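Q: I would like to learn how to read the empty space in a protein model and what fills it. Could we work through one example?

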Amino acid sequence: MTTTTTPGARVALVTGAGGGIGAATAARLYGLGHRVALLDVDGEAVNALRDRLDPGGDGALALRADVDDPDAVHGALREVRAVWHSPDVLVNNAARTAPGSVWDVGLAEWDAVLATNLRSVLTLTRLCAPAMRERGWGRVVNLASLAGQQGGTLAGPHYSAAKAGVLVLTKIFARELAAHGVTVNAVAPAAVHTPAVARLGPAAVAAARSVPVGRMGRAAEVAALVAYLVGEDGGYVTGATFDINGGSHMR
Ligand SMILES: NC(=O)c1ccc[n+]([C@@H]2O[C@H](COP(=O)([O-])OP(=O)(O)OC[C@H]3O[C@@H](n4cnc5c(N)ncnc54)[C@H](O)[C@@H]3O)[C@@H](O)[C@H]2O)c1
């Protein structure tokens with residue numbers, strides 16, 4: 001499965017690439033000829049994905065880093081630049097669920113979830129976008145959530161609040177970068193079959209039964225949408241939110 005990448009191949013950085021939607025997205029982009037930087041706090045998971053996608057090749061790079069830690073993220077980005085160049089494509093996908101009630105979630109936990117799910121979008125985009133802007137071409141896709149649109153709390157009130165913030169930050173960066181060939185969009189999934197949803201337990205599975213399409217989504221389906229947005233054809237789409245939720249939220 002080794003792919004020899006062309007020198008001009010785009011470099012895509014995917015956070016949270018160790019599993020679920022992030023891994024599916026990285027695999028999809030790799031299959032389309034991107035060089036993929038796989039960033040995750042779970043180093044073993046990204047090493048395994050690199051070995052699966054590109055054993056011994058130079059088309060995939062595994063990076064163990066915590067997106068909460070700006071220094072670690074900066075270090076990972078230095079590595080990407082040393083091996084290839086600053087990413088042309090950034091997929092801000094890393095996030096964590098943290099079930100709990102809005103009445104009793106601890107403030108430290110609130111801040112920690114906001115750091116992972118929202119602040120990381122700020123730090124990663126600020127680090128990657130300047131080179132995209134200079135090049136006059138770039139793509140940023142942020143994984144939001146139906147919970148951030150509707151205020152669902154199954155994954156935690158801080159999770160939902162962070163995802164609402166991701167939607168707004170997407171628009172802010174989209175405006176900043178639109179004139180420079182850089183698009184910034186959000187993808188808002190719900191009930192996609194991944195380890196995160198499995199961890200939420202029977203309530204999440206039961207909620208998925210009421211989805212109009214009648215099944216859970218597949219990570220590969222979300223990856224295909226991200227692939228469209230980061231491709232050449234996505235150049236006129238920016239500041240948008242794409243729902244991918246089996247019809248759970250129609251507007
Ligand atoms: N699965 C769904 O139904 C669903 C629904 C709505 C939104 N989303 C969003 O899609 C994205 C992917 O979700 P998923 O279901 O694949 O999640 P997942 O938990 O299956 O995978 C998330 C990955 O992110 C990594 N990660 C978590 N915290 C990190 C950190 N601090 N630094 C670096 N990596 C970190 C994890 O190790 C894991 O590999 C998330 O942004 C999530 O909020 C998913």
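**Pocket, ligand and cavity**

Q: Where does the ligand sit?
A: This is a predicted model. The ligand sits in its largest pocket. Three elements, α1 (20-31), α6 (157-177) and α7 (195-200), each give two or more residues to the shell around the ligand.

Q: Which element gives the most to that shell?
A: That is α7, with four residues.

Q: How is the shell around the ligand made up by class?
A: It divides into 16 nonpolar, eight polar and five charged residues.

Q: Which residues come nearest to the ligand?
A: A residue counts as near when one of its heavy atoms lies within 4 Å of the molecule. Here 29 residues surround the ligand, and Asp 40, Asn 93, Tyr 159, Val 192 and Thr 194 come nearest.

Q: What polar contacts does the ligand make with the protein?
A: The cut-off for such a contact is a pair of N or O atoms within 3.5 Å. In the side chain of Asp 40, a polar atom lies 2.6 Å from an oxygen atom of the ligand. Thr 194 also takes part through its side chain, where an N or O atom is 2.5 Å from a ligand oxygen. With Val 192 a polar backbone atom is involved, at 2.7 Å from an oxygen atom of the ligand.

Q: How much of the ligand's accessible area does the protein cover?
A: On its own the ligand has 830 Å² of accessible area, and the protein covers 90% of it.

Q: How is empty space found in the first place?
A: A probe the size of a water molecule is rolled over the atoms, which shows where empty space is left. In this model, the largest pocket holds about 1200 Å³ of space. Two or more residues of its lining come from each of α1, β2 (35-40), α5 (146-150), α6, α7 and α8 (202-209). Of these, α7 gives the most, with five residues.

Q: Which residues lie nearest the centre of the largest pocket?
A: Among the 48 lining residues, these are Thr 97, Tyr 159, Thr 194, Ala 196 and Val 197. By class the lining has 26 nonpolar, 15 polar and seven charged residues.

Q: How many cavities of 30 Å³ or more does the structure hold?
A: A cavity is a space where the probe fits but cannot get out. The structure holds one of 30 Å³ or more, and the largest cavity has a volume of about 50 Å³.

Q: What lines the largest cavity?
A: Its lining includes Thr 15, Val 67, Asn 93 and Lys 163. Helix α4 (residues 107-135) supplies the largest share, five residues. The classes are five nonpolar, six polar and one charged.

Methods:
Residues numbered from 1 in each chain as written. Predicted model: local features only at pLDDT ≥ 70, side-chain atom pairs only at ≥ 80, totals over all residues. Heavy atoms only, no water. Polar contact = N/O pair within 3.5 Å; in protein donor to acceptor, adjacent residues only side chain to side chain. Areas by Shrake-Rupley, 256 points an atom, 1.4 Å probe, with all protein chains shown as cover. 1 Å grid on protein atoms, 1.4 Å probe; cavity = no way out; pocket = protein on both sides within 12 Å on 5 of 7 lines; lining within 4 Å. Sits in = over half its atoms within 2 Å of the grid points. Nonpolar A, V, L, I, M, F, W, Y, C, P; charged D, E, K, R; others polar. Points joined across faces, edges and corners; volume = space filled by probe spheres on them.
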